[in-house]
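Reader: I am new to this structure and would like a close look at a single part of it, namely its cysteines. Please take me through that part carefully, and then show me how it sits among the rest.

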Amino acid sequence: MRHTRLHGESAEYLAAREELRGAEIELMRHRERVAALRRELPPGAEVGEYVLLEGPAGLDAGDTPVREVRLGDLFTGGPERALVVYHLMYGKRQTEPCPMCTLWLDGLNGVARHLAQNVDLVVVAAAGPPALRGHARARGWSRLRLLSAGDSTFKYDLGSEDEDGVQDSAVSVLTKGADGTVRHFYSAHPRMAEDIDQRGIDLLNPVWHLLDLTPGGRGDWFAALDY
């Protein structure tokens with residue numbers, strides 16, 4: 001199966017590309033098997049009714065008043081509509097916003113209106129509402145719902161913070177049953193194993209996949225807040 005109509009492609013190149021296509025098909029099918037295993041997870045632990053803090057709906061409306069929002073109220077649909085939480089590394093021991101989290105959220109802000117057709121998406125940080133909203137304002141995150149964990153143990157319980165307040169990036173998926181019970185469905189962190197420290201949530205961002213298409217690959221490139 002040719003992907004181009006270029007003249008002069010060698011037999012060696014075409015054979016290698018065909019072998020690669022087979023590997024890409026295998027990878028795609030394996031991703032689908034993994035996704036199916038994820039969907040088949042049994043009901044997770046019941047999650048407490050945490051109270052989070054939220055500022056005005058619009059970033060241009062200032063940072064007050066701040067209101068309390070209960071976790072269960074973040075769900076806007078029925079039992080089939082999940083809540084996706086991105087845990088931003090910002091606040092407590094993380095005194096500056098995480099550049100890698102910022103990269104992730106720059107992308108999620110761009111596709112938030114598409115995600116909203118199927119799921120609820122929120123960003124939770126340890127930082128207070130003014131600091132969180134200030135960073136969001138600088139990045140133009142007008143489509144993301146921003147919440148501070150406040151004094152709750154939400155981030156600690158979901159594994160995105162340790163007992164010393166050290167932050168970790170993570171994504172969590174929660175569900176809400178017809179009886180109003182909120183349950184944990186799935187969480188993932190960048191660290192997957194002793195020898196896999198930074199790859200666990202790469203699927204959330206296209207930057208890595210585009211770099212992997214190039215001869216140089218991703219190398220040791222790391223995101224920054226400014227370039």
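Author: A disulfide is counted here when two cysteine sulfur atoms lie within 2.5 Å of each other. In general terms, a disulfide is a covalent bond between the sulfur atoms of two cysteines. What follows describes a predicted model, and in this model the number of disulfides is zero. Cysteine 98 takes part in no disulfide, and the nearest cysteine sulfur to it, belonging to cysteine 101, is 3.6 Å away. Because the sulfur of cysteine 101 has its closest cysteine sulfur in cysteine 98, at 3.6 Å, the two are too far apart for a bond, given that the cut-off is 2.5 Å. Cysteine 98 is buried, with a relative accessible area of 8%, and cysteine 101 also counts as buried, at 1% relative accessibility.

From the cysteines we can turn to helix H2, which covers residues 99-115 and holds tryptophan 104. Tryptophan 104 forms an aromatic pair with tryptophan 208, and the pair is tilted, with 6.0 Å from centre to centre and 50° between the planes. This pair links distant parts of the chain, since tryptophan 208 lies in helix H5 (residues 206-212), 104 residues away from tryptophan 104. Both tryptophan 104 and tryptophan 208 are buried. Together with Trp221, these two residues make up one aromatic cluster, and the count of aromatic pairs in the structure comes to three. Another ring has a charged partner: the charged end of arginine 38 sits over the ring of tyrosine 186, at 4.9 Å from the ring centre.

Helix H3, which runs over residues 129-139, includes arginine 133, and alanine 138 is found in helix H3 as well. Arginine 133 is buried, with a relative accessible area of 4%, whereas alanine 138 counts as exposed, at 65% relative accessibility. Leaving aside residues up to four places away in sequence, arginine 133 touches Gly55, Pro56, Gly58, Leu59, Gly62, Asp63 and Leu146. Leucine 59 can also be set beside alanine 138, for the two are 79 residues apart in sequence and 9.9 Å apart in space, C-alpha to C-alpha.

Helix H4 (residues 154-157) contains lysine 155. Lysine 155 is buried yet has no salt bridge, and the nearest side chain of opposite charge, that of glutamate 161, is 5.4 Å away. With residues up to four places away in sequence again left out, the residues that lysine 155 touches include His87, Leu88, Val124, Ala149, Ser160 and Glu161.

These parts can now be placed in the whole. The protein has five helices and seven strands, and, read along the sequence, they follow the pattern α-β-β-β-α-β-α-β-α-β-β-α. The C-alpha trace of the protein spans about 65 × 45 × 35 Å along its principal axes. Buried residues make up 35% of the 227 residues in the protein, and cysteine 98 is buried, as is cysteine 101. Among contacts between residues at least 6 apart in sequence, 60% join residues at least 24 apart.

Terms used: Residues numbered from 1 in each chain as written. Predicted model: local features only at pLDDT ≥ 70, side-chain atom pairs only at ≥ 80, totals over all residues. Heavy atoms only, no water. Phe/Tyr/Trp six-rings, centres within 6.5 Å; stacked < 30°, edge-to-face > 60°. Helix = DSSP H or I, 4+ residues; strand = E, 2+ residues; numbered from the N terminus. Buried < 20%, exposed > 50% of the residue type's maximum accessible area, 1.4 Å probe, protein only. Lys NZ or Arg CZ within 6 Å of the ring centre and 35° of its normal. Contact = heavy atoms within 4.5 Å. Lys, Arg positive; Asp, Glu negative; His and termini not counted. Salt bridge = Lys/Arg side-chain N within 4 Å of Asp/Glu carboxyl O.
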